[in-house]
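Good morning, everyone, and thank you for making time for this. I would like to walk you slowly through one small part of a protein and then widen the view, so please have a look at the structure before I go on.

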Amino acid sequence: MARNIIIMDSSASMRRIIRTMIQATVNDAVVSEAVDVEEAEGLLADAHYHLVIFSKESSDKNWL
C-alpha cells in the first residue's frame, strides 16, 4: 500500500529537497506538494494522507 504524503511549503526548493529525501528513504511514497493553505486544503479534501509536513512560515492562523 502506498504511503501518501503531502508537503506544504512556499519555497519550491525546500519542497524539492524534502521530496527527494522522502523518496530516497520510502520506496512506496506518493508525495504531493502544496504552495499555500488553499492548495493544501484542496488536496486534503480530495485524498487520504498518512503524513502532512508543513513549515510554520508557510502557514497562517487558519491553517493551524
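Let me begin with a single pair of residues: isoleucine 5 stands opposite valine 31, and valine 31 belongs to strand 2. Please keep in mind, as we go, that what you have in front of you is a predicted model.

That pair takes us to the strands around it. Strand 1 and strand 2 pair in the parallel sense, and they do so over six bridges. In general, the strands of a sheet pair through backbone hydrogen bonds, either parallel or antiparallel. Here we have an open sheet of three strands in the order 2-1-3, with parallel pairing. Strand 2 and strand 3 are the edge strands, since each of them pairs on one side only. On average, and ignoring direction, neighbouring strands of this sheet are turned by 20° against each other.

Now let us widen the view to the whole protein, which has two helices and three strands, and whose elements run β-α-β-α-β from the N terminus on. Both helices are placed against the sheet: helix 1 lies across strand 1, strand 2 and strand 3 and runs at about 170° to strand 2, while helix 2, residues 37-46, also lies across strand 1, strand 2 and strand 3, running at about 145° to strand 2.

Let us stay with helix 1 for a while. Its 14 residues, 12-25, should span 20 Å at 1.5 Å a residue, and because its end C-alpha atoms are indeed 20 Å apart, the expected and computed values agree. Which residues of helix 1 are buried? They are Arg15, Ile18 and Ile22. Because these residues cover an arc of only 70° around the axis, they sit on the same side of helix 1. They pack against strand 1, strand 2 and strand 3, whereas on the other side of helix 1 we find Arg16, Met21 and Ala24 exposed.

This brings us to the interior. In soluble globular proteins, nonpolar side chains tend to be buried together. In this model, the largest nonpolar core has seven residues, namely Ile5, Ile7, Ile18, Ile22, Val26, Ala29 and Val31, so you will recognise both members of our opening pair among them. Strand 1, helix 1 and strand 2 are the elements that give two or more residues to this core. A second, separate core has six residues, including Ile6, Met8, Ala34 and Ala40.

Finally, I would like to look at glutamate 33, which is found in strand 2. Is glutamate 33 buried or partly exposed? Its relative accessibility is 25%, and therefore it counts as partly exposed. Leaving aside residues up to four places away in sequence, glutamate 33 touches Ile7, Arg15, Arg19, Glu39 and Leu43. Glutamate 33 and leucine 43 are 10 residues apart in sequence, and their C-alpha atoms are 8.7 Å apart in space. Alanine 12, which is found in helix 1, lies 21 residues from glutamate 33 along the chain, with 9.2 Å between the two C-alpha atoms.

To end with the protein as a whole, buried residues make up 31% of its 64 residues. Of the contacts with a separation of 6 or more, 62% are between residues 24 or more positions apart. Thank you for listening.

Definitions and conventions
Residues are numbered from 1 along each chain as its sequence is written. This is a predicted model: local features need pLDDT of at least 70, side-chain atom pairs count only at pLDDT 80 or more; totals for chains, interfaces and linings use all residues. Side-chain values use heavy atoms; hydrogens and water are left out. Helices (H or I, at least four residues) and strands (E, at least two) are DSSP runs, numbered from the N terminus. The expected span of a helix is 1.5 Å times one less than its number of residues. Buried means under 20% relative accessible area, exposed over 50%, partly exposed in between (1.4 Å probe, protein chains only). The arc is that of the directions from the helix axis to the C-beta atoms. Contact means heavy atoms within 4.5 Å. Two strands pair if DSSP finds at least two bridges between them. Axes are lines fitted to C-alpha atoms, for helices over the stretch in contact, and angles run from 0 to 180 degrees between N-to-C directions. A nonpolar core is a set of buried Ala, Val, Leu, Ile, Met, Phe, Trp, Tyr and Cys residues joined through side-chain atoms within 4.5 Å.
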